[in-house]
Amino acid sequence: LRELAEKRQLSEEIVSLLQAQFSDLPRELHSWRQMADYSPGMRQFVCLLHLYHIKAYDYLRKLLPLPHPYSLTNWLSNDKAAAGFSSDIFLRLQEKMERGDQAYRYCAVLVQDMSLQKQREWDPQTKQLTGFVDLGAGILDADEAPLASEAIILMAVGISSPWTAPLGYFFVNSTSGRFLAQLLRQAINKLNNIGIVVLAVTSSASACGAETARALGIRIDPKRIQCTFQHPPGSAHSIAYFFDVCHALLLIRNALQCLQKVEWLGDTVWWQHVVELAAFPEQRVLEVCSPESGKAWSKGSYHLKVNPATLLFSEGVAEALEHFQKLGLASFQNCSGTVKFVRLLSSLCTVFCGRGASGKEPFPAGNYTKISTLFNEAKSFFVNLTDSVGRYIIKSKRKLGFLSFLLNAESLKWLSSNCMCPEGTPSHHLHTHAFSLDPLEQFLRALQQACGSSGSPTCTVFQAAYHKLLASCSLAPGSPHSAGNASPWDRSLSRRRDLTLGSIRAQYHPAPERTLAPEYPYSAGLLLPSSALSNALTDLSLYTQSLACTAGWVAEQLALDLQCEACLASLFEAGESRLRYRSVLHIKKLGGVSLPSPSVHHITSISEQVLNWYGKVGGANKNTKLWHLALEQKIFQEFLGESPLFPTLTNHLFEGDLSINNHYTVLVKEITRCYLNIRTNPAPHLNLKYPCGRHRLKRLKGKHLSPSPLGTCQSS
């Protein structure tokens, strides 16, 4: 070991760890000949040395009869959700292959890390100290051993069928590209042993991800890109390498923000156009109704507002920039270069993340020519981008995001021409969603929720949460297990928040706190005849106005966190002028409160009816989670229009959450919950400010209590 350190084949840190943990290893050659005779310490030693430095391991194999590297996979595997490869998952995958299920024949392997809280803990069951480095062969618990600071998680994702399988995790104190490369090779070898062919590997677009790619043999040079590596080394089987598209987009956004402008063959891309769009102030404008609309008035008013959930590099942003340019706004003149740049990245994302609105539709075979034309255009664009002084960005310190797209393009072209339409597979499509880290990020989101805190978990908490998720893991295609109980926009918050117009606006113009004025201007003159809700609002009863106003406030509250462009737009009553991608909203308003869409108004109306039917609002014995769940059940029954379902189950219905988390069901659920929270505990949620300093409640028909007028919402 000292000789290896002197030759700089091992770091001093690794040498010190090995010497501290394995000072009593046998020195006789015959002790290392039979793998079956290896002690736990010997197994730990060879696994650690192989993963941390393959060259050092190969050097020692010349002196000692150490096992072949691919013989170590069993020592890196464990049962019961312990660190290492999950034996149970691999056994279940093997059973599917033995049954001839070709949907599991081809996959991609994803790798990502999760930060841990360094903490030494005592495990009374195993009677061992925990919190140390653990690669699956046993905990390294020497006095000088470092505490684990990260967990490396591996996942297999189906390419021709949308299944996911968490392969295992490893506790480490630091991560290097060479370490991840060896870990990936072990995972690929273990999958190959049960008959599954790995066609691609995906990592984050980061310094560690780039080092991992190079350690595997990937070349990231725009003049000569090598997008595949051989496994085993020197064999004929090649595996494509991808960088996560979301991470690459963040790097490109950072580059454009730092450089402020970039140029390409006479066109200029300005970051300021994006800033002006994100910070566009809400404006009230007139809308001329078409004769075909049959409106009573020929003119109405609406408020023009940029949708904060719109993704920065999307067709919606390109369309919004062109729309504002046509309106003659000075800030958006000469934005054709920015539009071209945004539209190109949007087209690339459509290919890599799926063609449909869900972002998960498969990529059909035979599209090589189409994507090749797009990728050639992108390459020409990226390699010729220059900064304000003429330096090529592809050669600068801001190059990794652009290089990531070039590498991904070559990898997808290679897969399209070499690995499409495998014989016997149920689908001749590539699920390009499998080449992003989205499936693994969704699993990590569920894992974070199972840990029970927003901060970094300890090793003990992480293992308990992982065990819980693994117990409920289903390998069926399309299974929602990896997403846990997170809603679509919960998952997107962690992946897409920094890529929305709302995040850019928050950087330059932090939003003030939302407050409500003491009085609400209920005046017939402010009612909008073109609104679908106008007939209801002309009834000046406090009940009807309060309900509509509260529904509008619910829509505004959900819009603060909603990261789906289409879902956010569906919350509001809109004007006739509407862009295709809803990146610019045309919102109707009553005074200062946005009018909710008819759907939001209907959901809140049903919720109010249920509150009327099932008791008074509030009360210490009723304002509980179980009571809220019971109210939600009654509300859903009203939507179904049926008699109560499963009447004998009672509270048993609430022991688990529904797994249906598409955009439709989540919108209904979140609108209902937000309204119930407001109605059962109005003061903390609404931050009402009354002149008298206390709540004013009016008694309405049916002895129902309802808040007094809510006041004018200040627009953010």
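UniProt positions are given in the numbering used here, and its annotations may be inferred rather than shown by experiment. The model shown in these views is predicted.

**View 1. The segment annotated as a domain, residues 433-467**. An unreviewed UniProt entry lists this stretch as "domain: Transposable element P transposase-like RNase H C-terminal". In the predicted model, helix accounts for 66% of residues 433-467 and strand for 0%. The C-alpha atoms at the two ends of the segment lie 26 Å apart.

**View 2. The salt bridge between arginine 343 and glutamate 315**. The side chains of this pair meet at 2.8 Å, N to O. Because arginine 343 belongs to helix 11 (residues 336-353) and glutamate 315 to helix 10 (residues 315-326), the contact ties together parts that are 28 residues apart in sequence. Arginine 343 has a relative accessibility of 26% and therefore counts as partly exposed.

**View 3. The network of Glu315, Glu322 and Arg343**. Salt bridges link these three residues. Within the network, the side chains of glutamate 322 and arginine 343 meet at 3.2 Å, N to O. Glutamate 322 lies in helix 10 and arginine 343 in helix 11, so this pair joins parts that are 21 residues apart in sequence. Glutamate 322 is partly exposed, at 26% relative accessibility.

**View 4. The salt bridge between arginine 391 and aspartate 387**. The two side chains meet at 2.9 Å, N to O. Arginine 391 counts as exposed, with a relative accessibility of 56%, whereas aspartate 387 is buried, with a relative accessible area of 8%.

How values were computed
Residues are numbered from 1 along each chain as its sequence is written. This is a predicted model: local features need pLDDT of at least 70, side-chain atom pairs count only at pLDDT 80 or more; totals for chains, interfaces and linings use all residues. Side-chain values use heavy atoms; hydrogens and water are left out. Helices (H or I, at least four residues) and strands (E, at least two) are DSSP runs, numbered from the N terminus. A salt bridge is a side-chain nitrogen of Lys or Arg within 4 Å of a carboxyl oxygen of Asp or Glu. Buried means under 20% relative accessible area, exposed over 50%, partly exposed in between (1.4 Å probe, protein chains only).
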